[in-house]
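Open the model in your viewer and keep the sequence panel beside it. The stops below say what to select and what to look for at each one.

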Amino acid sequence: MEITYRDTHEFTARELERLFLSVEWSSGHFPEKLVIAMKNFRTVFSAWDGEKLVGMICVMDDGIMNAYIHYLLVDPEYHGQTIGRTLVGMVREKYRDYLRIAAIAYDEELSFYQNCGFAKSEVSSPMFITSLWT
């Protein structure tokens, strides 16, 4: 198996549904909305095993200073193959001249993000207004 990476905003609802539900994210129950969301992100890098979508990272930015990683997910069957680290590296390269790249990490994923160069804030916490359950 050879993982390839793409810079695309075009995905089918089925591809997105399968990937998001593989990591048990409730947004996977809204695949048609995800198709539209992918088109609206500034940056979307994806990982593929042949024609199977196995990972992605999506970034919003202000065009000059701040970039925010909104989604980073890798199919659990592909964990441990550096896919997530590669996707973060692609984002770090694209946004290398920005002053901040931010991400919200689930607590159990903190060590992954720290290994990718992120630092946990000691002075701020993420906050949400949401209808999603994960």
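A residue is called buried under 20% relative accessible area, exposed over 50%, and partly exposed in between. By that scale Arg-42, at 48% relative accessibility, counts as partly exposed. The model on screen is a predicted one.

**Stop 1: Arg-42 and its partner**

Select Arg-42 together with Asp-61. The two form a salt bridge, with the closest N and O atoms 3.4 Å apart. Arg-42 lies in the loop between H2 and S2 and Asp-61 in strand S3, so the pair ties together parts that are 19 residues apart in sequence. Unlike the partly exposed Arg-42, Asp-61 is buried, because its relative accessible area is 17%.

**Stop 2: strands S2, S3 and S4**

Now select residues 52–61, which make up strand S3. How many of the 10 residues in S3 are buried? The count is 8, so the strand is mostly covered.

Add strand S2, residues 43–49. S2 and S3 run antiparallel and are joined by 7 bridges. To see one pairing, show Phe-45, which stands opposite Ile-57 in S3. The hairpin of these strands has 2 residues between them, and in this hairpin Gly-50 takes a positive phi near 65°.

Next add strand S4, residues 66–74. S4 pairs with S3 over 7 bridges, again in the antiparallel sense. Here Met-60 has Tyr-68 in S4 as its bridge partner. The hairpin of S3 and S4 has 4 residues between the strands, and Gly-63 in this hairpin has a positive phi near 90°.

**Stop 3: Asp-75**

Move to the loop between S4 and helix H3 (83–94) and select Asp-75. Is Asp-75 buried or exposed? Asp-75 is buried, because its relative accessibility is 2%.

Which side chain does Asp-75 meet in a salt bridge? The partner is Arg-18, at 2.7 Å from N to O. The pair links distant parts of the chain, with Asp-75 in the loop between S4 and H3 and Arg-18 in helix H1, 57 residues apart. Arg-18 itself is partly exposed, with a relative accessible area of 31%.

Keep Asp-75 selected and look at the backbone of Glu-77. The Glu-77 backbone nitrogen lies 2.8 Å from a polar atom of the Asp-75 side chain. Leaving aside neighbours within four places in sequence, the contacts of Asp-75 are Arg-18, Leu-19, Ser-22, Lys-52 and Val-54.

**Stop 4: Thr-8 and Glu-10**

Go to the loop between strand S1 (3–7) and helix H1 (13–22), where Thr-8 is found. Thr-8 is buried, with a relative accessible area of 18%. A polar atom of its side chain lies 3.1 Å from the backbone nitrogen of Glu-10. Beyond its neighbours within four places in sequence, Thr-8 is in contact with Val-44 and Ser-46.

Now select Glu-10 and Lys-39. These residues form a salt bridge, the closest N and O atoms being 2.8 Å apart. The pair links distant parts of the chain: Glu-10 sits in the loop between S1 and H1, Lys-39 in helix H2, and they are 29 residues apart. Glu-10 is exposed, with a relative accessible area of 51%, while Lys-39 counts as partly exposed at 41% relative accessibility. A search of the whole structure finds 6 salt bridges, so other pairs remain to be found.

**Stop 5: two backbone angles**

Most residues other than glycine have a negative phi. Select Glu-24, in the loop between H1 and helix H2 (31–40). Glu-24 is not a glycine, yet its phi is positive, at about 60°. Its relative accessibility is 66%, so Glu-24 counts as exposed.

Then select Thr-82, which lies in the loop between S4 and H3. Thr-82, also a residue other than glycine, has a positive phi near 65°.

**Stop 6: a nonpolar patch and Tyr-106**

Turn on the surface and select Phe-30, Leu-132 and Trp-133. Together these residues make a nonpolar surface patch of about 320 Å². Leu-132 is found in the segment after helix H4 (110–115) and counts as partly exposed at 37% relative accessibility.

Finish at Tyr-106, in the loop between strand S5 (100–103) and H4. Tyr-106 is partly exposed, with a relative accessible area of 41%. Not counting residues up to four places away in sequence, Tyr-106 touches Trp-25 and Thr-134.

Note on methods:
Residues numbered from 1 in each chain as written. Predicted model: local features only at pLDDT ≥ 70, side-chain atom pairs only at ≥ 80, totals over all residues. Heavy atoms only, no water. Patch = residues over 30% accessible without salt bridge, like charges linked within 9 Å, V, L, I, M, F, W, Y side chains within 5 Å. Areas by Shrake-Rupley, 256 points an atom, 1.4 Å probe, with all protein chains shown as cover. Salt bridge = Lys/Arg side-chain N within 4 Å of Asp/Glu carboxyl O. Buried < 20%, exposed > 50% of the residue type's maximum accessible area, 1.4 Å probe, protein only. Pairing = 2+ DSSP bridges. Polar contact = N/O pair within 3.5 Å; in protein donor to acceptor, adjacent residues only side chain to side chain. Contact = heavy atoms within 4.5 Å.
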